[in-house]
Amino acid sequence: MEKQLIEWFEWFHKNPELSYEEYNTTAKIREILTQAGLEILPFELETGLVAVIRGKGPGLVSALRCDIDALPIVEETELSYASCHEGKMHACGHDFHITAGLGCALLLNERKEELAGTVKIIFQPAEESSLGALKILETPVMEDVEEIWGIHADPTNEAGVLGIREGSVSAAVDRFVVTVKGNSCHGAHPDDGVDPIPVAAAIVQAFQTIVTRNINAFHPGLISVTRMEAGNTWNVIPESAVLEGTVRTMDRKDRVLVEKRMKEIAENTAKAYGAEAEVKWIPGPPAVFNDALMVEKSIQTAHECGFDVVPEEASMGGDDFSFYEERIPGCYIKIGTGKGQLIHQPGFQVNEKVIWPTVKFLTKLLNC
Ligand code: NI
């Protein structure tokens with residue numbers, strides 16, 4: 001099966017599709033699973049699908065989440081199986097996740113006589129949009145699931161090394177847009193209006209005090225203003241200014257606090273300057289949190305399968321895996337894919353040697 005898995009991995013790498021457009025990817029996954037006689041749950045999903053393996057005996061219902069989408073990046077590897085679609089690339093290793101999920105589904109299906117419980121393999125669309133998990137959660141697929149596992153390619157570790165960590169793994173990902181409304185006037189007569197630009201600048205500065213003055217110093221958190229826009233010429237004071245950016249927090253209470261403080265600071269700073277500000281808060285996925293018992297089980301299984309385990313590096317990045325964890329315990333494991341360019345970079349690549357050991361590890365982990 002190992003050779004077959006590598007062939008499939010190369011096919012997926014060659015044929016990347018962006019979030020919500022994973023039609024050919026889904027068709028290929030369906031074809032492979034159907035040929036192997038696996039049951040695919042009849043949910044109506046535009047892209048993505050869920051396979052189920054029902055064991056002989058009673059037991060836990062567990063799930064493995066494999067995301068399937070690629071990124072809008074021009075590939076710069078020398079691989080013989082590099083992307084055939086200019087400007088699209090599996091630069092986050094989701095081609096590896098698909099292949100590992102397929103291998104795991106096929107192996108569990110072969111062994112289902114010995115399997116106690118049920119395993120669902122979720123091939124999830126649009127992880128890169130931060131919201132693809134919600135598509136899966138619109139279906140009843142998770143209703144009976146009691147625990148969920150997630151994996152991610154990790155180019156900061158060698159093949160054969162797993163990163164596993166208890167507790168917070170990645171941050172809640174929220175977005176904000178602040179609109180400052182002033183009063184436009186001639187650039188030579190600022191006294192005739194209300195200039196929104198110094199107001200926006202004061203708000204940007206004051207936002208940073210939320211992290212340093214309001215959040216517990218032992219709690220990770222950050223606010224990045226990533227876009228500032230105002231005006232369109234040199235001698236007119238504009239009517240308004242817009243700030244946009246992202247907030248990352250690990251702690252649920254901090255997340256609420258930051259939103260509240262940002263609104264207070266923006267609205268009251270603007271008021272002090274005679275302007276008005278409105279904060280639009282666009283919530284994304286919450287923080288990913290690894291369950292202690294699942295962590296223990298995964299470390300033990302990793303050692304049994306010959307992997308080295310290192311503490312997983314926490315990240316201020318996010319993953320919509322956390323939406324599943326709002327209801328049930330979960331564990332998100334980083335799989336060392338060989339040291340090299342980081343994820344979301346044009347030279348990122350996965351060492352194919354990790355595919356087969358990962359499949360064996362996941363099969364053992366899910367075969368409870
Ligand atoms: Ni990813």
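**Helix packing and the two domains**

H7 passes H9 in a right-handed crossing. That's a handy place to start in this predicted model, so let's stay with the pair for a moment. Helix H7 covers residues 292-304, and its axis lies 10 Å from that of H9, at an angle of about 135°. An angle like that falls outside the ranges for parallel, antiparallel and perpendicular, and the two helices are therefore oblique to each other. On the H7 side, look for Lys297, Ser298, Thr301, Ala302 and Glu304, which meet Phe361, Lys364 and Leu365 of H9. Sort these residues by class and you get a mixed contact: three nonpolar, two polar and three charged.

Now follow H9 to its other partner here, H1. Helix H9 runs over residues 355-366, and it packs with H1 at an angle of about 110°, the axes being 9 Å apart. Since 65 to 115 degrees counts as roughly perpendicular, that's the label for H1 and H9. The residues that meet are Glu2, Leu5, Ile6 and Phe9 from H1, with Ile355, Trp356 and Val359 from H9. By class, this contact has six nonpolar residues and one charged residue, with no polar ones.

H1 also packs with H2, so what angle do H1 and H2 make? It's about 165°, with 10 Å between the axes; H1 spans residues 2-14 and H2 spans residues 23-35. Anything over 145 degrees counts as roughly antiparallel, which is therefore how H1 and H2 run relative to each other. Their crossing is right-handed. H1 brings Trp8, Trp11 and Phe12 to the contact, while H2 brings Asn24, Thr25, Lys28, Ile29 and Ile32. In class terms, that's five nonpolar, two polar and one charged.

Time to step back to the whole chain. The domain assignment splits it into domain 1, made of 2-170 + 287-366, and domain 2, which is 172-283. Going by C-alpha atoms, the centres of the two domains are 38 Å apart. Where they touch, nine residues of domain 1 are in contact with eight residues of domain 2. How much area is buried between domain 1 and domain 2? The figure is about 650 Å², and carbon and sulfur atoms give 70% of it. On the domain 1 side, Ser168, Ala287 and Met316 are the ones to find: together they supply 69% of the area that domain 1 buries against domain 2, more than any other three residues.

Note on methods
Residues numbered from 1 in each chain as written. Predicted model: local features only at pLDDT ≥ 70, side-chain atom pairs only at ≥ 80, totals over all residues. Heavy atoms only, no water. Axes fitted to C-alpha atoms, helices over the stretch in contact; angles between N-to-C directions. Helix = DSSP H or I, 4+ residues; strand = E, 2+ residues; numbered from the N terminus. Parallel < 35°, antiparallel > 145°, perpendicular 65-115°, else oblique. Left-handed = near helix turned anticlockwise from the far one by under 90°. Contact = heavy atoms within 4.5 Å. Nonpolar A, V, L, I, M, F, W, Y, C, P; charged D, E, K, R; others polar. Domains from an automatic or database assignment. Buried area = accessible area lost by both parts, 1.4 Å probe.
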